[in-house]
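The following exercises ask you to work through a structure by inspection and then to compare your reading with a worked solution. Please look over the sequence and the model before starting.

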Amino acid sequence: MAGRHVQNTNRDHDDNFQSLVVIEFAHGLSAQTVEWILQKITDGQAVGGAELLACSVWDQNIGESLIHVGASSSRLLMAAELMEIKKYYKDGSLREISLADIDDFMGSDELDEFLTMAEKQKIILHELETVRSIEADNVIPGFRNIYLYKGEAISGHCLLLSCAITVSINYISEYCLSYHI
């Protein structure tokens with residue numbers, strides 16, 4: 001397709017990448033800003049990133065950018081444990097997910113399907129909200145007059161600048177809910 005550019009930043013180059021959340025950017029937002037946000041999403045948590053899988057789509061003809069965001073099953077399960085998401089244990093009780101005894105939860109025989117689509121999307125949104133600036137991030141690229149401080153969440157700046165207009169959560173039933181970051 002002429003004018004369309006796709007950049008894949010999946011660290012492990014997973015062929016089974018599943019887009020769980022789509023971030024839609026304001027018309028005409030600079031590619032430099034989108035690339036910076038994409039990098040923050042895929043960077044490791046030690047440097048303020050969300051450590052998620054992502055790929056960007058930029059259509060030069062209309063000036064729109066999208067970032068598709070997903071995560072590996074292990075990353076989703078780790079976050080589910082930290083978020084204290086509850087699932088049914090094999091004895092029928094409802095318990096917080098624990099990776100130490102994951103095999104004792106109902107449905108744990110297929111870990112890729114253990115979490116529901118809604119749970120996976122909730123985790124992705126939570127992780128996107130935890131993206132932080134680091135000391136080297138003095139400003140958001142493309143916005144020289146907006147200063148960042150070490151450890152500051154970038155989601156608030158994206159909302160103020162209208163950088164990321166919506167995060168669309170696409171359900172299999174084609175129902176779409178928009179969440180503003």
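**Exercise 1.** Is aspartate 91 buried or exposed?

*Solution.* This is a predicted model, in which local features need pLDDT of at least 70 and side-chain atom pairs count only at pLDDT 80 or more, while totals for chains, interfaces and linings use all residues. Residues are numbered from 1 along each chain as its sequence is written, and side-chain values use heavy atoms, with hydrogens and water left out. The classes of accessibility are set by relative accessible area, where buried means under 20%, exposed over 50% and partly exposed in between (1.4 Å probe, protein chains only). Aspartate 91 has a relative accessibility of 53% and therefore counts as exposed. Its salt-bridge partner is arginine 95, with the closest N and O atoms 2.9 Å apart, and arginine 95, at 34%, counts as partly exposed.

**Exercise 2.** Find how many salt bridges the whole structure holds, and describe the pairs that lysine 40 and glutamate 127 take part in.

*Solution.* Begin with the criterion, which asks for a side-chain nitrogen of Lys or Arg within 4 Å of a carboxyl oxygen of Asp or Glu. A search of the whole structure with this criterion gives four salt bridges.

Next, take lysine 40, whose side chain meets that of aspartate 137 at 2.8 Å, N to O. Lysine 40 belongs to helix 1 (residues 31–42) and aspartate 137 to the loop between helix 3 (117–129) and strand 7 (139–140), so this salt bridge ties together parts that are 97 residues apart in sequence. Here helices (H or I, at least four residues) and strands (E, at least two) are DSSP runs, numbered from the N terminus. Lysine 40 is buried at a relative accessible area of 2%, and aspartate 137 is buried at 10%.

Then turn to glutamate 127, which pairs with arginine 75 in a salt bridge of 2.6 Å, N to O. Since glutamate 127 lies in helix 3 and arginine 75 in helix 2 (residues 73–82), the pair ties together parts that are 52 residues apart in sequence. Both glutamate 127 and arginine 75 are buried.

**Exercise 3.** Where do glutamate 51 and glutamate 84 lie, and what is the phi of each?

*Solution.* As background, most residues other than glycine have a negative phi. Glutamate 51, however, has a positive phi of about 55°, and its place is the loop between helix 1 and strand 3 (53–59). Glutamate 84 also has a positive phi, of about 60°, and is found in the loop between helix 2 and strand 5 (86–88). In accessibility, glutamate 51 is partly exposed at 35%, and glutamate 84 is partly exposed at 48%.

**Exercise 4.** Identify the residues of the largest nonpolar core that touch the most other members, and state which element gives the largest share of this core.

*Solution.* A nonpolar core is a set of buried Ala, Val, Leu, Ile, Met, Phe, Trp, Tyr and Cys residues joined through side-chain atoms within 4.5 Å. The largest such core has 37 residues, and Ile41, Leu52, Ile67, Leu115 and Ile124 touch the most other members. Strand 2 (21–25), helix 1, strand 4 (64–70), helix 2, helix 3 and strand 8 (143–147) each supply at least two residues of this core, and the largest share, five residues, comes from helix 1. For isoleucine 67, the contacts (heavy atoms within 4.5 Å) beyond four places away in sequence include Val21, Ile23, Phe25, Val34, Leu38, Ile41 and Cys55.
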